[in-house]
Each structure stands twice: as C-alpha cells, then as structure tokens.
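Biologist: I would like to understand the wording used for this model before I take it to the bench. Could you show me the structure and take me through the terms?

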Number of protein chains: 2
Amino acid sequence: MPTPAETLIADLRKATLLNSIAGILDWDQQVNLPPGSTEWRARQMEVFSPLCHKAATHPRIGRSLDALDAKGEATTAEEKVLRRCARRDYERLTKLPARFVAQKALLDSRSFQAWSEAKKNGDFKKFAPFLTKEITLSRKRAALIGALDPYGEMIDSFSPGMTVGRIEELFSELKAGLVPLSEKILASPVKAKPDLIRDVPTEKQLSFLKKVTAALGYDYSRGRVDVSEHPFSTGNYFDNRITTHFKQDNVISSLFSSIHETGHAMYEQGLPPEWIGTPLGEAVGMAVHESQSRLWENQVGRSRAFWKYWEPIMRREFSPHLDAVSFEELYLSINEVSRCLVRTDSNEVTYNLHVILRFELEKRLIDGSLQIKELPAEWNRLSQELLGVTPRNNTEGCLQDVHWATGLFGYFPSYCLGNMIAAQLWYAVHKEIPAIEEDFAIGKFDRLLGWLRTHVHCKGRRLETEELLEEVTGEKISPKYLLKYLSERYGPLYLR
Amino acid sequence: MPTPAETLIADLRKATLLNSIAGILDWDQQVNLPPGSTEWRARQMEVFSPLCHKAATHPRIGRSLDALDAKGEATTAEEKVLRRCARRDYERLTKLPARFVAQKALLDSRSFQAWSEAKKNGDFKKFAPFLTKEITLSRKRAALIGALDPYGEMIDSFSPGMTVGRIEELFSELKAGLVPLSEKILASPVKAKPDLIRDVPTEKQLSFLKKVTAALGYDYSRGRVDVSEHPFSTGNYFDNRITTHFKQDNVISSLFSSIHETGHAMYEQGLPPEWIGTPLGEAVGMAVHESQSRLWENQVGRSRAFWKYWEPIMRREFSPHLDAVSFEELYLSINEVSRCLVRTDSNEVTYNLHVILRFELEKRLIDGSLQIKELPAEWNRLSQELLGVTPRNNTEGCLQDVHWATGLFGYFPSYCLGNMIAAQLWYAVHKEIPAIEEDFAIGKFDRLLGWLRTHVHCKGRRLETEELLEEVTGEKISPKYLLKYLSERYGPLYLR
C-alpha cells in the first residue's frame with residue numbers, strides 16, 4: 001500500500017511526463033514544423049492540453065495532499081516542500097476548466113503563427129485580434145483563479161513570491177542608477193567597430209558554439225542544439241534542448257544566445273534527478289532561471305578572462321575572418337554599448353531599460369488603461385523616452401518579442417530580476433572563490449558550475465525567489481550589485 | 001444536436017490527433033533524441049499510450065456505432081465505410097486493457113534502444129530478452145483479441161483481408177518464377193562496376209534528393225526530410241515527414257530510400273483532407289502502402305526514362321564525382337543485381353526472397369516452433385538457401401531489421417505484397433496511359449501521381465487490399481505482373 005506521499009509523487013510525475021510531451025511538441029513547432037502543418041499542430045494541442053491539465057488536477061492529488069496535511073508536523077522537510085508547492089499548483093490549476101485549457105492551447109498555437117507572419121511585415125493590425133484574445137484569456141484565467149490583482153498573479157506565477165509593488169520598487173531603484181550610467185557610457189568617445197566579423201560559415205559557428213557550451217558544462221548526452229527563429233531552451237533533467245539563430249552579419253549574436261540558453265539548460269540539468277517530476281526537481285521560477293542564463297552569458301561570457309581562453313581558438317577556427325581583428329577590438333565589440341531597438345540584440349547595460357518598457361506596457365494592457373490599438377505608438381514613445389531611439393516599424397517595435405503572442409504576460413520582469421540576481425550571485429561566488437575568473441582564463445568552468453549546483457540548482461523549489469537569494473547571499477534582491485557590476489565591467493572600457 | 005455520424009467522426013478525429021502526437025514522438029526518438037534521454041522517452045510513451053488508447057476506445061464511439069447500425073441501410077456510402085472500419089478498429093482496441101497498452105509502449109521504446117545497441121556489435125544475446133518479451137506480448141495481444149490464428153491476425157491488422165494461406169499461395173507462386181529468374185541474372189557475365197560514385201558531400205546529396213522528391217510530387221510545405229539510422233516516413237495529410245540515411249560509399253542508396261519514403265508520404269498526402277481522422281482518410285493497409293513506395297522507387301526511379309532526365313542534372317550537381325562514369329555504367333549500377341545480405345540494400349530482384357525468409361521465420365517464432373535462441377542459426381541457414389549467402393555476423397543477419405524490435409510481426413509480407421501490387425498497378429497505368437514513361441524523360445510525374453491519386457489514394461479505406469486491386473486492375477493480387485516486370489526490366493540489361 002503506497003503512502004500518500006508516494007501516491008502524490010507518482011501522480012505529479014505522470015503530469016510532468018505529459019507536460020514534457022507538450023514541451024517536445026512546442027520545440028518541434030519552433031524547430032521543425034512545416035509551414036502548412038501549423039493548423040494540425042494547433043488542433044493537436046487543443047486535444048492534448050486538457051489531458052495534461054486533467055493529469056495535473058486529478059482528484060487523487062487533492063486527496064494525497066489532504067492526507068499529508070492531516071499528518072501535520074510529522075513530515076520530512078522534503079514532504080513539506082512537496083505539500084506547499086504541489087498545493088499551490090493544484091489549487092490554481094483546478095480552478096481552470098478543461099474547456100478553458102483547450103481554448104487557450106488552440107489560441108496560443110494559432111496566435112504564435114499569426115505573430116510570426118505579422119512580424120515579417122511589421123503588420124500589427126493582423127496580429128491585434130490575436131493579442132486581444134490573449135489578453136482576454138489571461139484576464140479570464142486570473143479571474144478564474146480568483147486573483148485580486150490579475151497582473152500580480154501573472155508575475156507571481158512566473159517568479160513565486162514576487163509582486164508588482166516589489167518589482168516597481170526594484171526597477172525604480174535600478175533605473176535611477178542605470179539611466180545616468182548608460183548615458184555616460186553612450187556618450188563615451190570609445191566605440192566598438194561595427195561589423196567586425198561577418199559571413200563566417202554556419203557550420204563553423206555551430207562547431208565553435210558546441211565546443212564552448214560543452215566546455216561550460218552543458219551535457220550533450222542529454223541535450224542538443226538546433227536552429228529556430230527565436231532561440232530558446234526547453235526540457236528537464238533528462239532531455240533538455242537549446243536552440244540558436246545564426247545571423248550573417250553578427251557572429252557574436254548566435255554564440256551569446258547559445259551561451260544564454262546553455263545557462264538555462266544547465267540549471268535544469270542540475271536539478272536533482274531523483275526528484276524530477278516533483279517540485280523538488282523544478283526550478284524556483286523564471287527570475288532565478290534567467291539569472292542562470294544571464295550569469296553565463298554576461299558575467300562569464302563577456303569577461304576578459306573568458307576571452308583570454310577562447311579568443312585564440314575562435315581566431316583559429318574562424319580563420320581568416322578574424323585575421324584583421326585585434327583582441328581588444330574583439331573584446332570591445334563583445335561588450336559594445338549602443339542605442340539599440342531590439343531587446344535580444346541589446347547590450348547588457350541598456351537591456352534592462354527594454355524590460356522596464358515592457359513591464360510598464362503589459363501592466364497597462366492587463367489593467368485596461370492601455371488600448372491594444374494604442375500599443376504601437378505607446379511602445380515607440382516609451383522607446384524614445386527610455387532608450388533614446390524610435391522604431392522605424394513594428395517589426396523592430398512592439399512585434400519584436402514572441403512572449404505576448406502566447407499570452408506570456410508577467411514574464412518580462414524575470415529578465416531584469418534575473419540580471420539583478422545574476423550580479424548578486426556573481427559577487428557571492430567571488431566572496432567564496434576570489435580567484436574564480438582565473439579559472440575561465442584556462443577554460444575551466446566546473447568550479448563555478450559546481451557552486452551554482454550546490455547553492456541554486458540542487459535546491460529545486462525548496463525556497464521562493466527572494467528566500468533563495470537571502471539564503472545564498474544574505475540579503476533580498478538588490479539592484480546595487482547589478483549597478484556595481486556594470487560600472488566595474490563597462491567603466492574601464494568606456495569611461496577611462 | 002450532432003448526429004451519431006458527426007459524434008463518431010469527432011471522436012475518431014480526437015483519437016487520430018492524439019495518435020499523431022505519438023507519431024511525432026516516435027519520429028523525434030529516431031531523428032533527434034539525445035542518447036541519454038531514451039529512458040525518459042520510454043516513460044513518456046508509457047504514460048501517453050494509454051491516453052491514446054482511451055480516446056480510441058471511448059464508449060461513446062461504441063454508442064455512435066450502435067446508433068448507426070440501428071439506422072440499417074438508411075446510410076450513405078461513406079457512413080457504411082466509417083461503420084465497417086471504425087467497428088473493426090474499435091472491437092480490436094477495446095479488447096486491450098490500458099495496462100497492456102502502457103506495458104507494450106514502455107517495452108517498445110526500451111526494446112528499440114536495446115536493438116539499436118545490440119545491432120552495433122551483432123550481439124544477439126543482449127537483444128534476445130527483449131525479443132522474447134515482444135513475442136510474448138504479441139501473442140498476448142492476439143489472445144486478448146480472441147484471434148484463433150495469432151500470426152494471421154497480425155497479417156490482417158497490417159493488410160486488411162490478407163491471410164497466412166493467401167500469402168503462402170502468392171509467395172510460393174512468386175518463388176517458383178523468381179528463383180530461376182534471379183539465378184539466371186546472377187549468373188550473367190554483365191556486372192555493374194562497384195563503388196561507382198563515392199564521397200559526394202552530404203549537402204550535395206541532400207540538395208539533389210530534395211529536388212527529385214519535390215519533382216515527383218512530395219509537398220514540402222506539409223513535409224520535411226531528415227536523417228535517421230533507418231529511413232522511414234510518418235504522419236498524415238497535414239504533417240508528413242520522411243527520413244534518409246547517407247552512406248559514404250553508396251550515393252544511390254540514400255536517393256532511393258528517399259524516393260521510397262516519398263512514395264509512402266505522397267500516399268498520405270493524397271488522402272482526402274476532409275476525411276482525415278476517419279477511416280476514409282486512412283490508407284488501406286501496409287501492403288498497398290508499400291506498393292506506393294516501391295512503385296516510385298523501382299518502376300519509376302530505376303527506369304531508363306527517369307534517368308534520361310535526372311542523369312545530366314546529377315552529373316552537374318555531383319561534379320566532378322560522375323565525370324568518369326558513363327550513362328550506361330550509372331544506369332547498370334542503379335539496377336545492379338548481386339547476392340546481398342541486407343534487405344534494405346538489396347536489388348529488387350532478390351529483395352522478395354529476403355521477405356520470404358522473414359515471413360517463414362516470424363511465422364514460426366509466433367507459433368513457437370522456432371526457439372528464439374535458434375533464430376541466428378536458422379536465419380543464416382535460410383539466407384544461404386534462399387539468397388546463396390551466409391551472414392558473417394548478426395548485424396548483417398537477424399539483427400539487421402528494426403521491425404521485430406518493436407513487435408512488428410506480420411509487417412514484412414507487406415513489402416513483397418507491395419512489390420506485386422506495384423507491378424500490377426504499373427501495367428494498369430500503362431493500359432490507360434501507354435506513353436507514361438515518356439513523361440519521366442521530361443521530368444514530368446504529375447500524370448502518374450494523378451492516376452494514383454484517383455485510383456488509390458483518394459479512396460481511403462473504402463476497400464480492403466485485394467478488393468482495391470480488383471476494382472483498379474480487374475483481378476486480385478497476382479505475382480505474374482511482378483515476374484513480367486522484372487523480366488522486362490532486367491532481361492535487356494543482363495540476359496541479352
């Protein structure tokens with residue numbers, strides 16, 4: 001006779017297995033799906049999503065949770081985490097009817113396609129009806145869950161424990177330090193040379209990025225890299241995949257998007273395998289997830305030590321494309337800061353302003369104070385105000401990101417929170433291993449990965465976002481570390 | 001209020017949508033799955049397969065069928081087909097418990113992996129326990145279904161209407177004509193030059209085979225080609241994928257496996273889209289399916305007219321690899337006949353003997369008159385008897401094919417039946433369009449595809465295997481057309 005905890009775990013695992021199939025289908029849609037097959041995929045998701053939902057809301061899960069609650073304090077630490085997280089997920093999901101889940105899955109699949117096509121021509125009007133429906137369903141979801149603050153509920157669903165107020169506080173403090181710093185850097189006479197490395201054959205780029213990501217610690221025996229329009233990572237401990245996107249005129253871009261996704265993937269690959277399928281084998285949330293991707297991409301990947309090791313290899317492998325480029329020119333181009341319209345192409349200094357822009361807009365889209373038809377103009381106005389540039393069209397404006405097309409409202413703040421957390425962890429690592437960057441200069445990354453495994457990955461969802469930060473760094477999220485890091489990294493380059 | 005037919009169709013479509021997800025997962029396992037992710041995939045299938053089964057055995061399907069039966073004769077022709085086929089499928093599936101389906105899915109996934117690894121080293125002992133379990137479950141399935149003749153049930157499940165007796169009759173007649181013919185050809189002093197074209201870069205091969213398959217009529221907007229260890233095709237009208245496998249020393253091999261899979265894919269792509277998800281939008285069975293792949297691969301792809309058009313293009317695209325090869329040398333090498341150990345590498349003359357070998361063995365494996373431990377020796381003995389060669393190891397012997405590793409007993413005869421049907425259709429096409437081969441010489445294939453669409457594809461499962469043949473060609477399956485075709489194609493080359 002299995003115990004309630006065993007029954008609970010078996011049921012949660014079953015739901016995870018099904019959800020991971022949905023993950024493969026989503027991966028396939030972005031990586032492989034033939035253009036004429038999208039409607040069939042949408043209908044597959046319409047039928048399959050309610051089955052995933054049904055497994056995750058099986059009444060036996062509720063009964064097991066009740067039985068565990070009845071045991072009161074006589075539970076293990078692990079059971080307590082299971083109870084808290086599984087209860088939280090279960091309560092939310094059981095409030096959503098299967099019909100709603102099917103409707104949302106069908107819409108997401110169609111809306112993703114509509115956005116993909118609209119983005120090509122910057123045709124916001126073609127996408128607007130889908131965005132309207134996505135907002136309507138997101139509000140409906142919040143109402144079904146009984147959220148008093150719909151946008152806050154969305155934030156909390158991605159990064160447990162975070163609130164709109166807390167994010168406003170953090171972003172406002174960050175902005176106060178960041179705007180003058182970025183303006184100083186942007187005004188610097190030091191400028192990276194544009195188009196430094198062009199037209200390196202795709203196979204060479206792929207081979208190099210595989211070498212780099214494997215050296216960082218990405219386990220290719222449980223992963224793979226493919227090409228998609230928008231780089232992403234997906235999966236869990238057992239099967240975790242990353243994608244990249246090659247740009248003819250920007251070799252650096254595909255490498256860094258791969259390192260970013262590798263950061264995500266290594267978090268999942270570092271979760272405790274024995275707990276996969278339960279909250280103890282899941283990531284804290286998306287803010288911490290983004291801290292892992294951004295830490296590897298920026299703190300590590302844009303460091304001088306990192307390039308001390310990789311520059312000679314890259315020079316050799318990309319020969320003759322780097323022959324006329326000095327180390328310093330390459331390093332400056334990797335850390336180029338310029339006014340940039342597209343978030344994913346943005347340097348790490350102004351990147352956070354892109355996120356603040358989206359946070360301001362989606363908050364108002366959800367509370368209704370911003371009409372959908374006003375979005376393109378309002379995006380452009382805020383872009384000018386925060387970034388100092390105005391998009392020439394919606395492709396580089398409000399259609400640039402995929403998130404809203406599949407109803408991911410409340411996700412964007414995770415990127416900026418992730419940047420703050422990454423910087424905070426970065427200084428915490430240095431406190432413990434002062435010579436950590438010397439590792440990078442000899443192509444060694446296992447001490448850093450080991451530290452992250454111990455302090456972040458292996459904990460699963462034991463702690464919420466800021467609780468984790470407090471445990472690891474001794475304080476809640478603070479923008480001061482990100483500001484300090486940016487000054488230390490970019491000051492010597494631009495403000496000497 | 002939907003009619004019983006409408007309810008039935010909606011329920012069948014739902015089951016098809018879920019099954020097509022299983023198809024994507026299987027495709028992914030063969031094309032993409034990282035080596036360390038196979039056990040997770042096995043567990044995904046263990047959880048997902050019973051859900052597919054549950055959808056296909058929903059009691060409402062039974063009720064709709066009963067309601068349609070109660071209407072008696074007052075049904076449309078389409079409803080009659082729906083009723084007959086859906087009843088057949090439903091009766092079979094409802095006899096299988098969900099637990100059995102889960103157990104089989106888990107075994108198939110693990111057994112496929114075990115076979116893949118065993119094949120590498122020819123290690124039959126490592127695979128034997130999985131084969132034992134596959135045979136046990138296949139017998140159990142037949143018993144659950146209540147089949148008096150287990151192997152016959154398997155045959156019928158792949159090619160409706162076919163029986164063991166009928167196949168024995170056809171194979172015996174074929175063998176009587178084929179053995180002397182193939183011995184005459186094998187004794188001919190005419191020999192194709194070995195290793196005619198080697199080391200053509202994979203990208204060039206891929207680009208050429210895409211051109212060829214698109215010209216034949218494969219719709220890439222609803223399809224794609226990838227690489228897998230064992231070429232296959234999968235999917236339906238809306239999303240149909242083929243794979244190929246590149247061999248360094250045999251450029252012809254990957255081209256012909258692509259044409260073969262294209263034949264399968266074009267059948268699916270030619271089914272009536274409005275009926276997809278119902279028996280009217282499904283193929284008759286695997287014998288007819290193989291007739292489509294083999295017809296395009298052999299009757300079309302190995303014809304002189306076909307190469308009149310494609311040889312100059314191949315010569316240009318593969319330059320300089322074909323510079324020293326004449327048209328006649330190339331054409332003979334495409335139609336090389338030699339004693340060969342591996343079915344998938346085999347020429348079309350001796351190919352059928354490979355199938356007869358497997359038919360004899362699997363019949364005895366299922367009825368228990370052949371012990372699993374005796375299989376390698378018995379395979380080798382029959383190989384010497386039928387093909388005149390003995391495998392040097394199990395990799396080129398009893399481990400060469402994937403089918404038994406996932407319990408596909410009763411499938412092999414489809415290949416030989418498909419060859420007979422292909423030849424029979426080939427002469428039927430000629431009767432109607434005598435100049436059809438002149439089309440191929442100018443790169444035109446739409447008249448042939450159109451004929452197949454009208455006479456085979458658009459009919460779905462309206463008729464069973466031999467009924468279809470009778471309707472299209474005026475007689476049941478007859479080996480004489482295959483023998484006639486082989487004499488006419490290979491006589492002028494080898495027996496002049």
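Modeller: Gladly, and please keep in mind that this is a predicted model. Let us start with β2(A) and strand β3 (residues 240-244) of chain A, which run antiparallel and are joined by three bridges.

Biologist: What makes β2(A) and β3 of chain A count as paired strands?

Modeller: Pairing needs at least two bridges between the strands. β2(A) and β3(A) have three bridges, so they qualify as a pair. At one point along them, A:Thr234 stands opposite A:Arg241 of β3(A).

Biologist: Which helices pack on the sheet?

Modeller: α1(A) does, touching β1, β2 and β3 of chain A, and its direction makes about 150° with that of β2(A). Helix α10 (residues 251-269) of chain A also packs there, touching β1, β2 and β3 of chain A, at about 170° to the direction of β3(A).

Biologist: Why are β1 and β2 of chain A called edge strands?

Modeller: The order in this open sheet of three strands is β1-β3-β2 (chain A), with mixed pairing. β1 and β2 (233-235) of chain A each pair on one side only, and they are the edge strands. On average, neighbouring strands are turned by 20° against each other, direction ignored.

Biologist: And what makes residues of chains A and B count as being in contact?

Modeller: Their C-beta atoms, placed from the backbone, must lie within 7 Å. The contact takes 26 residues from chain A and 26 residues from chain B. On the chain A side, the largest share, eight residues, comes from α1(A). By class, that side has 13 nonpolar, seven polar and six charged residues.

How values were computed:
Residues are numbered from 1 along each chain as its sequence is written. Chains are lettered from A and ligands numbered from 1 in the order in which they are written. This is a predicted model: local features need pLDDT of at least 70, side-chain atom pairs count only at pLDDT 80 or more; totals for chains, interfaces and linings use all residues. Two residues are in contact if their C-beta atoms, placed from the backbone, lie within 7 Å. Helices (H or I, at least four residues) and strands (E, at least two) are DSSP runs, numbered from the N terminus. Ala, Val, Leu, Ile, Met, Phe, Trp, Tyr, Cys and Pro count as nonpolar, Asp, Glu, Lys and Arg as charged, and the others, Gly among them, as polar. Axes are lines fitted to C-alpha atoms, for helices over the stretch in contact, and angles run from 0 to 180 degrees between N-to-C directions.
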